[in-house]
Amino acid sequence: MRTAICGFVLALSAAHPAAAFCGFFVGKADSQLFNKSSQVAIVRDGEHTVITMGNDFSGEMNEFALVVPVPSVLSRDQIHVGERRLLERLDAYSAPRLVEYSDGDPCAVRRYPAMALGAMRSHVAASPVAERATKALGVTVEAAYTVGEYDIVLLSANQSEGLEIWLRESGYRMPPRAAAALAPYIRQQMKFFVAKVNLKEQRKTGFQQLRPIQIAFDSPRFMLPIRLGMANADGPQDMIVYAVTRNGRVESSNYQTVKMPSDVEVPEFVQREFGDFYQATFAKAWRGHGRRALLTEYVWNMGFCDPCAAPPLDQEELRGLGVFWLNDQPGAYHMGGMPLTLTRLHVRYDSEHFPEDLMFQQTGDQQPFQGRYILRHPYRGEISCAAGSEYRKELDVRHRQEAATLASLTGWDAARIHAGMGSDWPGEPQQPWWKTIWR
Amino acid sequence: MRLPKDARWLQIAFLASFLILGLLARDFPLWHAPLVFAACLATQIACERILRRKPAGLLSPLITSLGLTLLLRAGAWWVPVLAGVLAIGSKFTLRVRGRHFFNPANFGLCCLMLITPRAWCSPTQWGEGAMVLLWILVLGCAVAHRAFRSDVSLAFLGSWTALRAARVLYLGQRVPVLMHQLASGSLLLFTFFMISDPKTTPRAPAARLLFAAIVASVAFALQLRFVQNPIVWALFFCAPLVPVLDALTSNEKKETLPCALQSVVSSSP
């Protein structure tokens, strides 16, 4: 009874420094390891689907395990262990970003082009059960492979209690209510992809951290099975979904999908606190949609970006993620883009507000979108012309507006914002004279 | 306060309030609605002139325009235009015994989704705000009642709910799953403003109930096969059953039609 088990989903959120795992995760006896953020890439065209499950697991390797419902028994060739850097590249390319502009000398009236400051990078960013017993429990081991550092079994089951007992007896630590979470998948004739770390193989890889598992399959369902991961969750979990499709933006077809507030000017000090700023902005947007919506953080054709937080992924990296439909000819795609849209969705889910698994659909929307927050640095040099006083007045108005925007985005109180702005905060606008008469 | 005699005014007011909500509080693009309206109204007028039909007024194409605007999402300017033209065009061309049988907005929506990936339908765009749903339900019932077609709406909603509930029970899921599946603004829009259309449902009361149940069953079967927007497709595929059911029940006396319905039917293009 030493192996931990983790439900679906894995890894990070750009805005959530507390890296953790999610899912059906069970640590050592009594030690609570909560995995609250994960990242997953879904590449899909028609019914062909490749899922890359990122993995931030940081505990003892022999404690790791993963259970993912899959539509069919996968052959060895359908399973692959990918590179961690692919998800890191996707994160860097699509993360919410801060851009800056600098005011020119108002006496010379001139503007400088926008420059990306860079994206907010992710900081967080068994012993086998006897065959007879297996049959009695209604569990069938359909296949077993060792792929990279993982030992993988594919199971089918007749009944959830049997599967729960089988997993428990095979050394997986199951959370309470596991059978209830497993039952709907069994009823839908789904199979279970169960992976744990093969320590010997893991040592051979020389990697300190586990690499992402990738699976390729055909299925009419465009979905992510998040319910399994909720069985032992304590509070909401975060997941970043990178959906890569041919024609356009991806949205959920059973939960509301909205865009993050974007393209707004915020005070300069946000640069120092961008992580906090984005977390607060995300949390407010999430609460504002009843904690039931998916937030879109990025939609762009992978052929280009503007501004680029990181270069787009090249064809080799895209192939590594499972993109199979691109033309390999050099120079096949130019600035006009390629038949590939990346959608970055940020989901904060819990059992109460997300009673069903996430279903998705590809739309025909190719309108680019990015989580983009703008800093405008005022001109701080000597101002010695008549236009200068007009500029200072405009600056006061702008700074008040930026403070109001920041308060509305993050819910931060005025005192915090004014303190952060320091001498840039011009004070409240002067009250009309009559307001002071009849107090 | 007296309500207007023609129930379609209520429908228009209701759908328009939805459109305003979409434009102000959801991500509806501003360019979409004018194109749909222009295409629907122009097609209506053009078809009446070409086919020398007596002008039937613009309320009906206005309702089609609103329905299309609320359900169809487009990634190119020509998508809403073509949808409007096909929707209204179907009323004048696809007719059996003097009656069109495709719901025009449903026809336009489905044709465009078949033709191009740049057209889609976002069933969850309204969110799950309980108050909004209640609002729709209450007002929707009133409108459906005015048109004397609450039987179709309620029969569809009842069948769909029963099938979804059976599925949830079968899978061993919890009640909140069912509530989540039913808490969809698009489902209620479909129920009270699309399948309830008196001109594209069978005339006989029993046939109407049967039709609603068939649409719900087909939608359920499509959902089991993971087809997106199953209820919209189900109505599209089942629409040709309307003239068949009408033919089978043609011995029903026309006088049994309620007065309000007669006024609606008589204004067909």
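**A shared pocket and two buried serines**

The second largest pocket holds about 790 Å³ of space. The model in which this pocket appears is a predicted one. In total, 28 residues line the pocket, and those closest to its centre come from two chains: Gln361(A) and Gln362(A) on one hand, and Met113(B), Phe226(B) and Gln228(B) on the other. Several secondary-structure elements give two or more residues to this lining. Chain A contributes strand 2 (37–45) and strand 20 (358–362) in this way, while chain B contributes helix 5 (104–115), strand 4 (119–121) and helix 11 (230–238). Sorted by class, the lining comprises 15 nonpolar residues, 10 polar residues and 3 charged residues.

It helps to step back to chain A as a whole. Its 439 residues are 57% buried, and its secondary structure consists of 9 helices and 22 strands. The area that chain A exposes is about 18700 Å², of which carbon and sulfur atoms supply 49%.

Two serines of chain A can be followed in more detail, beginning with Ser252(A). This residue belongs to strand 15, which spans residues 250–252 of chain A. Ser252(A) counts as buried because its relative accessibility is 0%, and the cut-off for that class is under 20%. The side chain of Ser252(A) comes to 3.0 Å from the backbone oxygen of Met359(A). Met359(A) also appears among the contacts of Ser252(A) beyond four places in sequence, together with Thr257(A), Leu294(A), Phe360(A) and, from chain B, Thr124(B). For readers tracing the pocket, strand 20 (358–362) of chain A is one of the elements that give two or more residues to its lining.

Ser94(A) makes a useful companion. Where does Ser94(A) lie in chain A? Its place is in helix 1, made up of residues 84–94. With 0% relative accessibility, Ser94(A) is therefore classed as buried. Once residues up to four places away in sequence are set aside, Ser94(A) touches Tyr242(A), Glu297(A), Tyr298(A), Leu342(A) and Arg344(A). With Arg344(A), the link is a polar contact of 3.0 Å between the two side chains. Ser94(A) can also be placed relative to Phe64(A): the two are 30 residues apart in sequence, and their C-alpha atoms are 29 Å apart in space.

Key
Residues are numbered from 1 along each chain as its sequence is written. Chains are lettered from A and ligands numbered from 1 in the order in which they are written. This is a predicted model: local features need pLDDT of at least 70, side-chain atom pairs count only at pLDDT 80 or more; totals for chains, interfaces and linings use all residues. Side-chain values use heavy atoms; hydrogens and water are left out. On a 1 Å grid over the protein atoms alone, a cavity is a set of points where a 1.4 Å probe fits but cannot get out, and a pocket is an open set with protein on both sides within 12 Å along at least five of seven lines; lining residues have an atom within 4 Å of a point. Grid points are joined across faces, edges and corners, and a volume is the space filled by probe spheres set on the points. Helices (H or I, at least four residues) and strands (E, at least two) are DSSP runs, numbered from the N terminus. Ala, Val, Leu, Ile, Met, Phe, Trp, Tyr, Cys and Pro count as nonpolar, Asp, Glu, Lys and Arg as charged, and the others, Gly among them, as polar. Buried means under 20% relative accessible area, exposed over 50%, partly exposed in between (1.4 Å probe, protein chains only). A polar contact is a pair of N or O atoms within 3.5 Å; within protein, one must be able to donate a hydrogen and the other to accept it, and residues adjacent in sequence count only if both atoms are side-chain atoms. Contact means heavy atoms within 4.5 Å. Accessible areas come from the Shrake-Rupley method with a 1.4 Å probe; for residues, only the protein chains shown count as cover.
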